[in-house]
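Work through these exercises with the model open beside you. Try each task before you read its solution.

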Amino acid sequence: MPTQNQPLQNRPASVRALSFSPRQVPLSATLAVNEAIARKRREGERVLPLGFGEAGIPIHPALARELESAAGRGAYGPVAGSAALRAAAAGYWARRGLPTDPSTVVAGPGSKPLLFALLASLGGDVVVAAPSWVSYAAQASLAGAEPIRVATPPGEGGVPSPALLADAVVRARTRGRDVRAVVVTLPDNPTGTVASEATVRRLCAVAREHDLVVISDEIYRDLVHAPERAVPSPALYAPERTVVTTALSKSLAAGGWRLGVARLPEGPFGRALHDSLLGVASEIWSSAPAPMQHAAAYAFAEPPELVEHIDRSRRLHAAVAGAVADRFAAAGARVPRPEAAFYLYPDFGPLRDVLSENHGVRTAADLTHLLLERYGVGVLPGSSFGDAPSALRMRVAPSLLYGEDDEQRHAALAAPAPAALPWIASALDRLSEVLEDLSVSVTTGEPALA
Ligand SMILES: Cc1ncc(COP(=O)(O)O)c(C=O)c1O
């Protein structure tokens, strides 16, 4: 019997090393920065975790109770999800102006696998915004499709510029590509902004004219900082071709529970896509976890205690993202005002010369590497989101500053001025210190920008 300790040449051919390497699929950038920060923390370094898109608030106890009450559900259940969950999700969308037949809803273990399954079901290439959430382009490539990046209009993240979209689709088709879909994020990660209704309407017109499905990732929909501001879902303007996805991960901070839902279009195309999606789901995850589906049905029914919890988290995200934006602006970066979720997207273009001279920084990746290695500040370069590598933009996610434990996080949720809480204020001050150090000119010892 061969053992692991035998020299390779003495082993039978059946246990020799393989002659090829597996496909290179790097860890998703958001998860990778999280691991780098955790490693630094274990080594005793002071860190500022601003890289990972975790909502940073506690699970509401009522939601946890619902999950516990369903722990005994061990059966697989229907591939599309339970009737109770699909009805609750349909109600959730109907309250947002999108009347929904529960038969068009499909549940999955998070919206990420649902998005991948949608791309696999659609086949063909897909347009994504530049910048856009790290996983769309990566998933398209895994699905064998070409991600075609199209810049967003200024100040409106998440939606490819409609004028550039039309042009990009025509050019891609001319070189033989089979473009079938465009992905939008409303509100947006990484920029924390919400595209305007006018832009979304124009995008829908282009999608109709050029025969594209619109996949609208609305996972941050309930976290628009100004709650009265409506989110212009493409499902309002191009209902026959729009798929909407959402999940419990962000508004209820249950990312680890892995539960998402998709709303497919009605009509013949929607039904065919639904069947194909179920086919892919049946081969990959069979059904979303049954206890989670039970808890999600409760959540999508929007009981008052959860609505209040989301209201408080929205206020917390707005306060801290706003305070962090102020610190970046004070250091000389250009920062579009965060409008939703817990992200901001500062641009260090105005500090390019001093960053290059003092630190040899030429690209966003140089800058974020410097921030991580020298200062323990974990952020992600815009290039991870498909932005130009030389653009000195980065995504900053301040939600892990809310607290080290649930006691602090509850205090942050309850505080009228969360940025003044000692642990958040000290993180903000550390951030200012780092940013100031970055932008001080070596030659004069003076800040580069007054
Ligand atoms: C835009 C966007 N969509 C989807 C997801 C992932 O969602 P889920 O946890 O439902 O898989 C994220 C998480 O970071 C996200 O930012």
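**Exercise 1. A buried aspartate**

Leaving aside its neighbours within four places in sequence, which residues is Asp 387 in contact with? Then place Asp 387 in the fold and decide whether it is buried or exposed.

*Solution.* Keep in mind that this is a predicted model.

Step 1. Set aside the neighbours within four places in sequence; Asp 387 is then in contact with Pro 131, Tyr 345, Gly 382 and Arg 393.

Step 2. Find the position. Asp 387 lies in the loop between strand 10 (380–381) and strand 11 (394–395).

Step 3. Check the accessibility. Asp 387 has a relative accessibility of 11%. Buried means under 20%. Asp 387 therefore counts as buried.

Step 4. Look at the side chain. It makes a polar contact of 2.7 Å with the side chain of Tyr 345.

**Exercise 2. Around the ligand**

Which residues come nearest to the ligand, and how much of its accessible area does the protein cover?

*Solution.*

Step 1. List the neighbours. There are 14 residues around the ligand, and Ser 111, Asn 189, Asp 217, Tyr 220 and Ser 249 come nearest.

Step 2. Go through three short distances. A backbone N or O atom of Ser 111 is 2.7 Å from an oxygen atom of the ligand. A side-chain N or O atom of Asp 217 lies 2.6 Å from a nitrogen atom of the ligand. Arg 258 has a polar side-chain atom 2.8 Å from an oxygen atom of the ligand.

Step 3. Add the cover. On its own, the ligand has 400 Å² of accessible area, and the protein covers 92% of it.

Step 4. Name the site. The ligand takes up the space of the second largest pocket.

**Exercise 3. Far in sequence, and in space?**

How many residues separate Arg 41 and Gly 376 in sequence, and what is their C-alpha to C-alpha distance?

*Solution.*

Step 1. Locate Arg 41. It lies in helix 1 (residues 29–42).

Step 2. Give both separations. Arg 41 and Gly 376 are 335 residues apart in sequence, and their C-alpha atoms are 8.9 Å apart in space.

Step 3. Turn to contacts. Leaving aside neighbours within four places in sequence, Arg 41 touches Val 47, Pro 49 and Glu 404.

Step 4. Classify Arg 41. Its relative accessible area is 39%. Partly exposed covers the range between 20% and 50%, so Arg 41 is partly exposed.

**Exercise 4. A covered helix**

How many of the residues of helix 10 are buried, and which elements do they pack against?

*Solution.*

Step 1. Count. Helix 10 spans residues 290–300, and 10 of its 11 residues are buried. Among them are Met 292, Tyr 298 and Phe 300.

Step 2. Find the partners. The buried residues pack against helix 2 (61–69), helix 3 (83–94) and helix 11 (304–330), as well as strand 7 (242–247) and strand 8 (260–263).

Step 3. Look just past the end. Glu 302 has a positive phi of about 55° there.

**Exercise 5. A serine in a loop**

Is Ser 399 buried or exposed, and which backbone oxygen lies 2.5 Å from a polar atom of its side chain?

*Solution.*

Step 1. Place Ser 399. It is in the loop between strand 11 and helix 14 (406–414).

Step 2. Classify it. Ser 399 is buried, because its relative accessible area is 1%.

Step 3. Find the oxygen. It is the backbone oxygen of Glu 54.

Step 4. List the contacts. Apart from neighbours within four places in sequence, Ser 399 is in contact with Phe 52, Glu 54, Ala 55, Gly 56 and Phe 342.

**Exercise 6. Backbone exceptions**

Which residue does a cis peptide bond join to Pro 190, and what is the phi of Arg 258?

*Solution.*

Step 1. Recall the rule. Most peptide bonds are trans, and most residues other than glycine have a negative phi.

Step 2. Find the cis bonds. Asn 189 is joined to Pro 190 by a cis peptide bond, with omega about 25°. The bond from Ala 130 to Pro 131 is also cis, with omega near 5°.

Step 3. Place the prolines. Pro 190 is in the loop between strand 5 (179–185) and helix 7 (197–209). Pro 131 is in the loop between strand 3 (125–130) and helix 5 (134–142).

Step 4. Read phi. Arg 258 has a positive phi near 60°, and Ser 286 has one near 65°.

Step 5. Place these two. Arg 258 is in the loop between strand 7 and strand 8. Ser 286 lies in the loop between helix 9 (267–284) and helix 10.

Note on methods
Residues are numbered from 1 along each chain as its sequence is written. This is a predicted model: local features need pLDDT of at least 70, side-chain atom pairs count only at pLDDT 80 or more; totals for chains, interfaces and linings use all residues. Side-chain values use heavy atoms; hydrogens and water are left out. Helices (H or I, at least four residues) and strands (E, at least two) are DSSP runs, numbered from the N terminus. Buried means under 20% relative accessible area, exposed over 50%, partly exposed in between (1.4 Å probe, protein chains only). A polar contact is a pair of N or O atoms within 3.5 Å; within protein, one must be able to donate a hydrogen and the other to accept it, and residues adjacent in sequence count only if both atoms are side-chain atoms. Contact means heavy atoms within 4.5 Å. A residue is near a molecule or strand if one of its heavy atoms lies within 4 Å of it. Accessible areas come from the Shrake-Rupley method with a 1.4 Å probe; for residues, only the protein chains shown count as cover. On a 1 Å grid over the protein atoms alone, a cavity is a set of points where a 1.4 Å probe fits but cannot get out, and a pocket is an open set with protein on both sides within 12 Å along at least five of seven lines; lining residues have an atom within 4 Å of a point. A molecule sits in a cavity or pocket if more than half of its atoms lie within 2 Å of its grid points.
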